[in-house]
Amino acid sequence: MAYTESEILEGLAEIVSEETGLPADSVQLDKSFTDDLDIDSLSMMTIVTLAEEKFSVRIPDDEVKNLATVGDAVSFIAGAQA
Amino acid sequence: MTRATITPAAPTQFSRVMGLGAVRGELVVTNDDIAGPIDSSDEWIRQRTGIVTRRRAPGDVDVIDLSEQAAREAIENAGLSPADIDVVILSTVTWFHQTPAGAAVLADRLGATPAAAFDISAACAGYTYGIGQADALVRSGNARHVLVVGAEKMSDFIDPTDRTISFLLGDGAGAVVVGPSDFPGIGPTVWGSDGSRSQAVRQTHSWQEYKADPELPWPTLRQDGPSVFKWASFQMGPVAQRALDAAGLRADQIQAFVPHQANMRIIDQIVKQLGLPETVAVGRDIADTGNTSAASIPLAIERLVREEQVSSGDLVLQIGFGGGLVYAAQVIVLP
């Protein structure tokens, strides 16, 4: 069963909150991972790995640089679901 | 007419690590010392890597010099003399000769001739690859005392302006002697490689390219940092777990976990993945020594011993991983 975009946002927010300590409700679609959430490239890889496991998708390493905002990540995960 | 048969080497049941030696480069290099050319800061380097200082050797010291110091200490701590060593394995990626192997030069320098001698090129997994081979050589009966040295002079291979890996790197050597034992002292080695990711940690250009183009700079190292971080953090935990399982042990039965000292954040993540109890000491020598590639695991063990966090007879899970990509893990009993 595919996750809806709002379910993906909710799940991703939990992962980001766990990794960074930020409140989950601060993880919004328009937020930039680097500029707004202050997530560095190593933490981003941790978030990506946990998201891959949670949503059963593959996010190639080369793709991660294109995921500038939370919305980019939600869209990619939604599109990558089987 | 029946064919004659070969008499095989007489195997021995168990092997163990008999003695440990370690040496770090004598120069203490701070983050402030190297931050300028990479437009960085002490704070950024600490936050990204956990490194406060790295140890480097002066220009006139080479990888054999470092190896010799560590090896002499290991042989003495094993209660042996160089003449007792019948195989020398040197794990290094910073011995700048295609031939001869650094191990042969080292064996002669030590007075271990005519020990068999060869080098291993397995980068940051070189030490645990060497332990796996030494264990097999001793148990098969093809060797009695194997000297395993992980040694690197990484500072010969760095670009001060490189932001991917150079600022992590340090110099040093760790050595052990592996010999026969009346108890199981080395668990099964779980090892492997993934050459499809050979460019994740790489030399900027080959020696042939360097020779062909006089404009090219001296080759140095680069890595795809985030990609290597992801691989090491999330794929090496399961490998370490397999080494524990293969040794018939649970995480709460070992006394220490010593992963390759690549980055403190990788160490933290693997510890989390393994679910290690707080009773298990974790090697964190990277903070002061930096990433010394093949030398990092024995150096981190030496530190745990010196700080009395572990003692003789303790069980240590060790895992090396790095450029290749390659990895190897096993449990050892501390000498």
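This is a short conversation about reading salt bridges in a predicted model.

Visitor: I am new here. How many salt bridges does a search of the whole structure find?

Guide: Welcome! The search finds 24 salt bridges over all chains. To read one, look at the closest N and O atoms of the two side chains, then ask where each partner sits. Take Glu14(A) and Lys54(A), whose closest N and O atoms are 3.8 Å apart. That pair links distant parts of the chain: Glu14(A) belongs to helix H1 of chain A and Lys54(A) to helix H2, 40 residues apart.

Visitor: What is the relative accessibility of Glu14(A), and what is that of Lys54(A)?

Guide: Glu14(A) has 44% and counts as partly exposed. Lys54(A), at 37%, is also partly exposed.

Visitor: Which residue forms a salt bridge with Glu68(B)?

Guide: That is Arg109(B), with the closest N and O atoms 2.9 Å apart. Here too, distant parts of the chain are linked, since Glu68(B) lies in helix H3 and Arg109(B) in helix H4 of chain B, 41 residues apart.

Visitor: Why is Glu68(B) called buried?

Guide: Buried means under 20% relative accessible area, and Glu68(B) has 18%, so the label fits. Its partner Arg109(B), at 32%, is partly exposed.

Visitor: Where do Glu302(B) and Arg306(B) lie?

Guide: Both are in helix H10 of chain B, four residues apart, about one turn of the helix. Their salt bridge has its closest N and O atoms 2.9 Å apart, and Glu302(B) is buried at 17%.

Visitor: Which residues are linked with them in a network of salt bridges?

Guide: Arg24(B), Asp285(B), Asp288(B), Arg303(B) and Glu307(B) join Glu302(B) and Arg306(B) in that network.

Notes. Residues numbered from 1 in each chain as written. Chains lettered and ligands numbered in written order. Predicted model: local features only at pLDDT ≥ 70, side-chain atom pairs only at ≥ 80, totals over all residues. Heavy atoms only, no water. Salt bridge = Lys/Arg side-chain N within 4 Å of Asp/Glu carboxyl O. Helix = DSSP H or I, 4+ residues; strand = E, 2+ residues; numbered from the N terminus. Buried < 20%, exposed > 50% of the residue type's maximum accessible area, 1.4 Å probe, protein only.
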